Amino acid sequence: MMYEEQPCKNRSHLVRPSHSPLRQRLYRGVEGLLAPWRRVDDGPAAEALSPAALALFRRMSNADRAHSLRVYRWLLEHHYEQEDLLAAGLIHDCGKAAARLAVWQRTLKVLFRKLAPGWWRALSAPASSDHWRYPFYILAEHARIGAEWAEAAGCSELTCWLIAHHETDLPCHHPRYELLRALQNADASS
Ligand SMILES: [Fe+2]
Ligand SMILES: [Fe+2]
């Protein structure tokens with residue numbers, strides 16, 4: 001489908017992320033280092049998700065579960081109550097469980113995507129699971145992988161779509177733009 005490029009109007013009500021991606025990655029890096037020693041209360045996820053979707057949530061690392069719960073809280077605090085969106089908030093990063101991801105690899109992704117996209121494309125090209133680049137491949141593909149797992153777990157079409165596109169820029173007149181921006185802003189703020 002083609003979308004006409006035109007300026008976005010009437011979007012001032014959308015809440016913007018409060019931190020830059022690099023600053024946020026730094027914060028999450030410190031969080032990630034401390035995560036193994038922190039207890040994550042999965043209670044809100046257990047209440048909001050089906051058993052199959054909760055199993056996906058629980059496959060994630062401590063750091064990713066804590067991040068996902070912050071995304072979920074951000075959405076609720078900003079009055080987003082759509083169940084499909086809230087479920088996507090809780091499991092949007094579940095595809096990251098396909099590999100063991102170190103903090104430095106996650107940080108490199110944010111830096112390279114912003115500062116050297118060509119290097120990032122080379123680093124994250126398809127790789128087998130025993131290859132040293134495999135974690136970068138999974139980082140690049142986690143949205144697609146997560147959406148496929150969510151579909152297999154019986155999540156709604158909208159939840160799967162939001163997961164698949166959570167790192168994609170859409171034109172503002174796309175019919176699902178506002179829901180996706182809500183997820184992206186929650187993700188960037190959490
Ligand atoms: Fe993600
Ligand atoms: Fe995320």
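Let's start at the C-terminal end of the helix list, with α10: its buried residues pack against α4, α5 and α9. Which residues are they? The buried ones in α10 are A182, L183, Q184, N185, A186 and D187. Buried here means that 20 or more other C-beta atoms lie within 10 Å of a residue's own; exposed means 12 or fewer, partly exposed is in between, and C-beta atoms are placed from the backbone.

A quick word on what you are looking at. This is a predicted model, where local features need pLDDT of at least 70, side-chain atom pairs count only at pLDDT 80 or more, and totals for chains, interfaces and linings use all residues. Residues are numbered from 1 along each chain as its sequence is written, while chains are lettered from A and ligands numbered from 1 in the order in which they are written.

Now the overview. The protein has 10 helices and 0 strands. Helices (H or I, at least four residues) and strands (E, at least two) are DSSP runs, numbered from the N terminus. Of the 190 residues, 34% are buried. Contacts reach far along the chain: with a separation of 6 or more, 70% of them join residues 24 or more positions apart. A contact means two C-beta atoms, placed from the backbone, within 7 Å.

Back to α10. How does its span compare with 1.5 Å a residue? The 12 residues should cover 16 Å, and the end C-alpha atoms are 16 Å apart, so the two agree. The expected span is 1.5 Å times one less than the number of residues.

Next, its partners. α4 and α10 pack at about 125 degrees, axes 8 Å apart. Axes are lines fitted to C-alpha atoms, for helices over the stretch in contact, and angles run from 0 to 180 degrees between N-to-C directions. The pair is therefore oblique. The scale is this: under 35 degrees is roughly parallel, over 145 roughly antiparallel, 65 to 115 roughly perpendicular, and the rest oblique. α4 passes α10 in a right-handed crossing. Right-handed means the near helix is turned clockwise from the far one by less than a right angle; anticlockwise is left-handed. V71, W74 and L75 of α4 make the contact with A182, A186 and D187 of α10.

Then α5. Its angle to α10 is about 30 degrees, with axes 10 Å apart. This crossing is right-handed. On the α5 side we find L85, A88 and G89; they meet L179, A182, L183 and A186 in α10.

On to the core. The largest nonpolar core has 34 residues, and A53, F57, I91, A150 and I163 touch the most other members. Such a core is a set of buried Ala, Val, Leu, Ile, Met, Phe, Trp, Tyr and Cys residues joined through C-beta atoms within 7 Å. At least two residues each come from α3 (51-59), α4 (62-77), α5 (83-91), α8 (134-152), α9 (157-164) and α10 (177-188). α4 gives the largest share, 7 residues. What does F57 touch, leaving aside neighbours within four places in sequence? It is in contact with A45, L49, R65, S68, L90, I91 and C94. Apart from this core lies another, of 5 residues, among them F136, I138, L139 and A140.

F136 and L139 come up again with α6. Helix α6 (residues 103-115) packs on α8 at about 55 degrees, axes 10 Å apart. That makes α6 oblique to α8. The crossing is right-handed. Q105, R106 and K109 in α6 meet P135, F136 and L139 in α8.

Three loop residues to finish. A153 sits between α8 and α9. Is A153 buried or exposed? Buried, because 20 other C-beta atoms lie within 10 Å. A153 touches A52, A53 and L56, not counting residues up to four places away in sequence. Its C-alpha atom is 8.8 Å from that of P51, 102 residues apart along the chain.

D42 lies between α1 (21-34) and α2 (43-48). It is partly exposed, with 16 other C-beta atoms within 10 Å. Leaving aside neighbours within four places in sequence, D42 contacts R58 and R65.

Last, H79, in the loop between α4 and α5. Most residues other than glycine have a negative phi. H79 is not a glycine, yet its phi is positive, about 65 degrees. H79 is exposed, with 8 other C-beta atoms within 10 Å.
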